[in-house]
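Here is a short report for a reader who is new to this structure. Take a look at the model first, then read on.

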Amino acid sequence: AHGKLLAFALYNLCKYPEYLEPLVDEIKTMQQRHPEGTRQYDELHLMDGFLKETARLNPTVVFLYPFRFSDGRVVPKDNWLVMSSHAIMQHQDYYDNPSDFEGFRFAQKAKAPRGEGDTEGGSKSLFSSPSFDFPFWGSVKRPCPRRFYVSIVAKMVLSHFIMNYDFELANPNGPQSLAWSFALMPHPMMKLLIRKKTHPLTTEKGQQNEPS
C-alpha cells in the first residue's frame, strides 16, 4: 500500500513543486524539535494532508480470508469486493473542487482543535483516520489495522526523499496511472529522474537528514 502511495506522492511533488518548500520547512522544524524517534512524524500536518489528498485522488481491496455477511452469504478467500471509493472521494457533496489536487486540503483541518459538537477535533482529517467520505482504509467500523504503520513509513520515506534527492518526471505529460482489474496503479511508464543532492538539506543545527 505504501509503495503505491509513495509513487503517486512523488508524482504529485513533481507535478506541483510549489508544495516542496513548505514541506521542507515543516520537516526542518520537526527535526529541530525531535532529532530522533518516530513519533515526531505525527507533527508533519502538511505532509499528512498531502498524503491524504494523494490517496483521495488515487484510491483499493482483496479479501485475505473468507468473509461471511450477516445474511449468510460468503465471499471466498482471494476474491475482490469493490465499492465506489473513487466516486465517493471525488464527489462534490463531500469535497469542494473534487477533481482538483489541493495538497494541503486536509492539513489545516487536521491541526484544528476540538470544537463544540466535534467529538474528534481535527483527528478525522488525519490521513490514518477512516471516514464515510474517505473510505481509503475500508469501513469505519473495521478499517485497515496497518494504516498507522503505512502513514508513518510513508512520511519517513517521503521526508528522506525531499531532503536528500532532486527528482523530476522524465515525461511531465506522460500517463500517471493504469487501471488493473479494480485497482488504480502507478503507470509502469511513469519514470522519475532521481539524483542525490550534492549538499543534502539540513536543519539549522547542521544535522543531515537520515532515516530514524
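Contact here means heavy atoms within 4.5 Å. Keep that in mind for what follows. The model is predicted.

**A serine in a loop**

Ser131 sits in the loop between α5 (107–111) and α6. Setting aside neighbours within four places in sequence, Ser131 is in contact with Lys124 and Val140. The side chain of Ser131 also reaches that of Asp133, through a polar contact of 2.6 Å. Is Ser131 buried or exposed? Ser131 is buried, because its relative accessible area is 7% and buried means under 20%.

**The nonpolar core**

In soluble globular proteins, nonpolar side chains tend to be buried together. In this model the largest nonpolar core has 39 residues. Which of these residues touch the most other members? They are Leu158 and Ile162. Several elements give two or more residues to this core. The helices are α1 (2–15), α2 (20–33), α3 (45–57) and α6 (147–164). The strand β3 (165–169) is on the list as well.

Now follow Leu158. Neighbours within four places in sequence are left aside again. Leu158 is then in contact with Leu6, Ala9, Leu10 and Leu13. Met47 and Leu51 are also in contact with Leu158.

**Charged pairs**

Side chains of opposite charge can pair when their charged atoms come close. How many salt bridges does the structure hold? It holds eight. Among them are the three below.

| Salt bridge | Closest N and O atoms |
|---|---|
| Glu43 and Arg33 | 3.6 Å apart |
| Asp48 and Lys155 | 2.9 Å apart |
| Glu102 and Arg105 | 3.8 Å apart |

Start with Glu43 and Arg33, which form a salt bridge. Glu43 lies in the loop between α2 and α3, and Arg33 lies in helix α2, so the pair ties together parts that are ten residues apart in sequence. Glu43 counts as partly exposed, at 28% relative accessibility. Arg33 is exposed, with a relative accessible area of 57%.

Next come Asp48 and Lys155, joined by a salt bridge. Are they buried or exposed? Both Asp48 and Lys155 are buried.

Last is the salt bridge between Glu102 and Arg105. Glu102 is partly exposed, with a relative accessible area of 28%. Arg105 is buried, and its relative accessible area is 12%. This pair belongs to a network: salt bridges that share partners join Glu53, Arg56, Glu102 and Arg105 into one.

**Cysteines**

How many disulfides are there? The count comes to zero. Cys14 is buried, at 18% relative accessible area. Cys144 counts as partly exposed, because its relative accessibility is 25% and buried means under 20%.

**An asparagine with positive phi**

Asn97 lies in the loop between α4 (85–88) and α5. Phi of Asn97 is near 45°. That is a positive value in a residue other than glycine. Asn97 is partly exposed, with a relative accessible area of 46%.

**In brief**

Leu158 and Ile162 touch the most other members of the 39-residue core. Asp48 and Lys155 form a salt bridge, and both are buried. Ser131 is buried in its loop, whereas Asn97 is partly exposed.

Technical notes
Residues are numbered from 1 along each chain as its sequence is written. This is a predicted model: local features need pLDDT of at least 70, side-chain atom pairs count only at pLDDT 80 or more; totals for chains, interfaces and linings use all residues. Side-chain values use heavy atoms; hydrogens and water are left out. A nonpolar core is a set of buried Ala, Val, Leu, Ile, Met, Phe, Trp, Tyr and Cys residues joined through side-chain atoms within 4.5 Å. Buried means under 20% relative accessible area, exposed over 50%, partly exposed in between (1.4 Å probe, protein chains only). Helices (H or I, at least four residues) and strands (E, at least two) are DSSP runs, numbered from the N terminus. A disulfide is a pair of cysteine sulfur atoms within 2.5 Å. A salt bridge is a side-chain nitrogen of Lys or Arg within 4 Å of a carboxyl oxygen of Asp or Glu. A polar contact is a pair of N or O atoms within 3.5 Å; within protein, one must be able to donate a hydrogen and the other to accept it, and residues adjacent in sequence count only if both atoms are side-chain atoms.
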